[in-house]
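Please open the model in your viewer and keep the sequence panel beside it, since the tour below moves from one selection to the next.

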Amino acid sequence: MHDVEINLANWKTALMASIPLGGLFSRNATAYKWKAPFRCWMLHESALWRLHDLLTQSVALHQQGHGLGARILLRSGFETLATLIYLNQLMGQVLDGNLGFHKFSDKTLRLTVGSKNKSTKAESINIITILSKCEKRYPGIEKMYARLSESAHPSYEGLCVGYSKIDHDLYDTNFSNRWMELYGDNHLGMVELCMESFEEEYNNVWGKLMSKLEDWIEANDDELEATKPSNSEAET
């Protein structure tokens, strides 16, 4: 069994079945009268569920020789990783005084219930925008995502490179499914990189920031109450 498969099996045992609201209020009643920190928990746990699902399927397709599908799912995996990185960056900005809490709350709303098809009132944040922010912490993530996107789209690589090869000596074009030939050898390495980055953000970065954010909200609660918008984010 490859290390990636072992790690995915370990992830499965760590998937949270629920977020007990009573437990959050016991943790910090003042912080969790505001919706933003609860959304942070939602994003934290939903991201693990989604990435585990995506990468499990990506590895399975790779093992079956379905290289294109494996890459498309991995592309979605990097989008999920980027969303958690971006959330952590936003939390850090609040703590550093570079982002107002109420604006932060609006961004967490867009990250959790935002949509592009108008199925919700909030508009989702463009994933390219999110990836550009992540590039500062993980240089190269944009290029990696762009390479995966070229495979996902019916452009030059997605059509011609993936399914044809020119024999320049015979002036012939031969068709075949070339995805495993092109990318099969490095696929599991990319999955592993995605998982390692996610584990750092999920286990280490998020936990420290969440504790600090809870304390920060409690310390600044009076000011937050005085400056909250008319569509109050506070529970009543």
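Begin by selecting arginine 39 together with serine 105 in this predicted model: a polar atom of the arginine 39 side chain lies 3.1 Å from the backbone oxygen of serine 105. Arginine 39 belongs to helix H3, and with a relative accessible area of 9% this arginine is buried.

Next, extend the selection to the whole of helix H3, residues 35-63, and add helix H10, residues 187-219, whose axis comes within 11 Å of that of H3 and crosses it at roughly 170°. Because of that crossing angle, H3 and H10 count as roughly antiparallel to each other, the cut-off for that description being an angle over 145 degrees. To see how the two helices meet, display the side chains on both sides of the contact: from H3 the participants include Pro37, Trp41, His44, Leu48, Leu55 and His62, while from H10 they include His187, Val191, Cys194, Phe198, Trp206 and Ile217. Ala47 and Leu51 of H3 are also among the residues of this contact, and both will return at the next stop, where they touch threonine 80.

Now move to threonine 80, which is found in helix H4, residues 67-96. Is threonine 80 buried or exposed? At a relative accessibility of 6%, threonine 80 counts as buried. Leaving aside residues up to four places away in sequence, threonine 80 touches Ala47, Arg50, Leu51 and Leu54. Measuring between C-alpha atoms in the viewer should give 6.1 Å from threonine 80 to alanine 47, although these two residues are 33 apart along the chain. The side chain of threonine 80 also has a polar atom 3.0 Å from the backbone oxygen of serine 76.

Stay in helix H4 and select glutamine 89, whose side chain reaches the backbone oxygen of lysine 133 at 3.0 Å. With residues up to four places away in sequence left out, the contacts of glutamine 89 are Lys133, Cys134 and Arg137.

From there, keep cysteine 134 selected and add cysteine 194. How many disulfides does the structure hold? There are zero, and the reason for cysteine 134 is distance, because the closest cysteine sulfur, in cysteine 194, is 11 Å away and therefore too far for a bond, where a disulfide would need the two sulfur atoms within 2.5 Å. Cysteine 194 is likewise in no disulfide, the sulfur of cysteine 134 being the nearest one to its own. Cysteine 134 is buried at a relative accessible area of 0%, and cysteine 194 counts as buried at 0% relative accessibility.

For the last stop, select strand S1, residues 164-167, and strand S2, residues 172-175, which run antiparallel and are joined by four bridges. Two of the pairings can be picked out one after the other: aspartate 167 has aspartate 172 as its bridge partner in S2, and lysine 165 has asparagine 174 as its bridge partner in S2. The two strands form a hairpin with four residues between them, and in this turn tyrosine 171 is the residue to inspect, with a positive phi of about 55°.

Definitions and conventions: Residues are numbered from 1 along each chain as its sequence is written. This is a predicted model: local features need pLDDT of at least 70, side-chain atom pairs count only at pLDDT 80 or more; totals for chains, interfaces and linings use all residues. Side-chain values use heavy atoms; hydrogens and water are left out. Buried means under 20% relative accessible area, exposed over 50%, partly exposed in between (1.4 Å probe, protein chains only). Contact means heavy atoms within 4.5 Å. A polar contact is a pair of N or O atoms within 3.5 Å; within protein, one must be able to donate a hydrogen and the other to accept it, and residues adjacent in sequence count only if both atoms are side-chain atoms. Two strands pair if DSSP finds at least two bridges between them. Axes are lines fitted to C-alpha atoms, for helices over the stretch in contact, and angles run from 0 to 180 degrees between N-to-C directions. Angles under 35 degrees count as roughly parallel, over 145 as roughly antiparallel, 65 to 115 as roughly perpendicular and the rest as oblique.
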